[in-house]
Amino acid sequence: MATLQAIKYSRGKLLVLDQLRLPHEHHYDEVSTAEEAFDCIRSMRVRGAPAIAIVAALAHAVELHNGSCTAATPEEVIAHIESRLDYLKESRPTAVDLSNAIHLLKVASRAAQIEGLAHPEAKEAILNAYVLKAEEILAKDLENNTSIGAHGAAWLQQQHNANSDRKISVLTHCNTGSLATSGHGTALGIIRSLHSQNLLQHAYCTETRPYNQGSRLTSFELVFEGIPSTLITDSMAAALFNLYRESMNIGAVIVGADRVVRNGDTANKIGTYSLAVLARHHGVKFVVAAPTTSIDLQTVAGKDIEIEQRKKEELTQISGAIVNADGTVDTSKTARVAIADQRINVWNPGFDVTPHELIDAIVTEKGTVVKGTDGKFDFSKILPERW
Ligand code: MRU
């Protein structure tokens with residue numbers, strides 16, 4: 001079966017699926033410079049914590065491959081690479097995957113074996129080390145997601161099969177699938193794995209206001225994969241749990257993460273925190289799916305996470321394809337429509353922070369982390385201290 005791919009890369013060429021045009025149109029943009037990557041990320045043509053990091057890393061690899069670096073000495077080459085990466089880091093603030101990738105790329109460039117090499121061999125060795133690390137980040141992400149899917153499905157099966165052997169239903173928020181990553185996805189990866197193991201009864205996805213990643217992207221991915229699924233608005237989750245938790249065996253809310261900090265507090269798409277509160281009230285497990293690239297041990301607690309503030313038009317306007325009188329969708333015509341008084345003040349944080357107390361499990365590619373008897377998450381078994 002064909003797979004959805006947000007990022008297509010071969011050495012020297014990077015194509016990025018324009019997510020602003022989804023689900024109506026499949027258009028890939030060629031991204032060949034740091035400036036183009038910055039714009040692609042800032043304008044949300046690519047979004048999702050892992051995908052942002054991968055596009056930034058690979059766009060710089062492409063520009064280096066195309067001879068953009070005119071520096072000669074090893075020090076100048078390193079300085080060039082680092083200043084381009086520091087520039088890319090400013091594209092979006094909340095997801096930590098980008099900072100973590102930049103750190104790895106800087107370390108790899110500095111560690112290039114240049115002893116005894118003169119110009120231009122030393123320069124080539126540094127550029128090569130950068131490109132190989134960027135390509136490794138891409139490959140590793142796909143591997144991570146497959147492992148997250150397997151660990152998450154196994155953990156949920158263990159939780160639920162203790163009481164019953166019924167299939168479970170889950171609720172997810174925002175988009176965490178192939179479109180937000182190199183493939184398979186994080187939270188959506190667990191849902192894919194549950195489905196492929198015949199353990200999933202039904203997946204519910206929220207619309208994810210105001211940017212609608214759930215209705216535009218996740219519902220598209222779920223339909224594309226043939227996963228039994230239903231779209232709800234964010235405000236319907238309480239009623240869903242109340243009315244269908246028993247009959248549909250809704251066992252978990254599974255979300256992704258933009259940044260998991262040392263104590264387990266998790267920044268994710270706005271609306272995640274309220275789902276965690278509802279899940280706790282209704283006895284539904286709350287599961288965060290996060291590759292270790294989304295973990296930030298330098299930040300101790302969630303209150304220190306920088307939350308991106310987004311523009312007011314995301315609340316006061318909406319865009320989409322035109323629906324004809326007969327109900328068919330004309331994908332060639334799109335419109336932007338005002339849905340509120342354009343003068344109203346707007347507060348539009350892109351993310352919120354779910355306190356670790358409300359999280360039952362954090363599923364990483366290295367395994368599922370649960371709280372100890374002290375009620376704390378401890379990442380030391382899966383991550384080195386200096387992460
Ligand atoms: O603003 P976005 O669309 O980049 O935000 C993405 C999210 O918040 C996702 O829900 C998140 O889980 C990270 S992507 C796996």
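**Exercise 1. The ligand shell**

Task: In this predicted model, state which of the 16 residues around the ligand come nearest, and describe the shell by element and by class.

Solution.
- Step 1. The shell around the ligand holds 16 residues, and Arg-47, Gly-48, Cys-174, Gly-256 and Lys-269 come nearest.
- Step 2. Two elements give two or more residues to this shell: helix H2, residues 49-65, and strand S9, residues 266-269.
- Step 3. Sorted by class, the shell has eight polar, five nonpolar and three charged residues.

**Exercise 2. Confidence**

Task: Find how many of the residues of the protein chain, in percent, reach a pLDDT of 70 or more, and give the scores for the complex.

Solution.
- Step 1. For the protein chain, 98% of residues reach a pLDDT of 70 or more, and the mean is 95.
- Step 2. For the complex, the predictor gives a pTM of 0.95 and an ipTM of 0.97.
- Step 3. A general caution applies to reading such values: where pLDDT is low, the predicted coordinates should not be read in detail.

**Exercise 3. Helices H1 and H2**

Task: Determine how H1 and H2 are oriented to each other, and which residues meet between them.

Solution.
- Step 1. Helix H1 covers residues 34-42; the axes of H1 and H2 are 8 Å apart, and the packing angle is about 160 degrees.
- Step 2. Angles over 145 degrees count as roughly antiparallel, so H1 is roughly antiparallel to H2.
- Step 3. The crossing of H1 past H2 is right-handed.
- Step 4. H1 contributes Ala-34, Glu-36, Ala-37, Cys-40 and Ile-41, which meet Ile-52, Val-55, Ala-56, Ala-59, His-60 and Glu-63 of H2.
- Step 5. The contact of H1 with H2 is made up of eight nonpolar, two charged and one polar residues.

**Exercise 4. Helix H4 and its partners**

Task: Describe how H4 packs against H3 and against H5.

Solution.
- Step 1. Helix H3 spans residues 74-89, and the axes of H3 and H4 cross at roughly 180 degrees and come within 10 Å.
- Step 2. That angle makes H3 roughly antiparallel to H4.
- Step 3. From H3, Ile-78, Ile-81, Glu-82, Leu-85 and Lys-89 meet Leu-98, Ser-99, Ile-102, Leu-105, Lys-106, Ser-109 and Arg-110 in H4.
- Step 4. The contact of H3 with H4 has four charged, six nonpolar and two polar residues.
- Step 5. H4 (residues 97-110) also packs with H5 (residues 121-161), at an angle of about 145 degrees and with axes 8 Å apart.
- Step 6. H4 passes H5 in a right-handed crossing.
- Step 7. On the H4 side of this contact are Ala-101, Leu-104, Leu-105, Ala-108 and Ser-109; on the H5 side are Ile-126, Ala-129, Tyr-130, Lys-133, Ala-134 and Ile-137.
- Step 8. The contact of H4 with H5 has nine nonpolar residues, one polar and one charged.
- Step 9. Leu-105 and Ser-109 of H4 are listed in the contact with H3 and again in the contact with H5.

**Exercise 5. Unusual backbone geometry**

Task: Locate the cis peptide bonds at Pro-23 and Pro-210, and the loop that holds His-184.

Solution.
- Step 1. As a starting point, most peptide bonds are trans, and most residues other than glycine have a negative phi.
- Step 2. Leu-22 and Pro-23 are joined by a cis bond with omega of about 5 degrees, and Pro-23 sits in the loop between strand S2 (13-17) and strand S3 (28-30).
- Step 3. The bond from Arg-209 to Pro-210 is cis, with omega near 5 degrees; Pro-210 is in the loop between strand S5 (200-206) and helix H7 (213-225).
- Step 4. His-184 is not a glycine, yet has a positive phi of about 70 degrees; His-184 lies in the loop between strand S4 (168-172) and helix H6 (187-196).

Notes:
Residues numbered from 1 in each chain as written. Predicted model: local features only at pLDDT ≥ 70, side-chain atom pairs only at ≥ 80, totals over all residues. Near = placed C-beta within 6 Å. Helix = DSSP H or I, 4+ residues; strand = E, 2+ residues; numbered from the N terminus. Nonpolar A, V, L, I, M, F, W, Y, C, P; charged D, E, K, R; others polar. Axes fitted to C-alpha atoms, helices over the stretch in contact; angles between N-to-C directions. Parallel < 35°, antiparallel > 145°, perpendicular 65-115°, else oblique. Left-handed = near helix turned anticlockwise from the far one by under 90°. Contact = placed C-beta atoms within 7 Å. pLDDT = per-residue confidence, 0-100.
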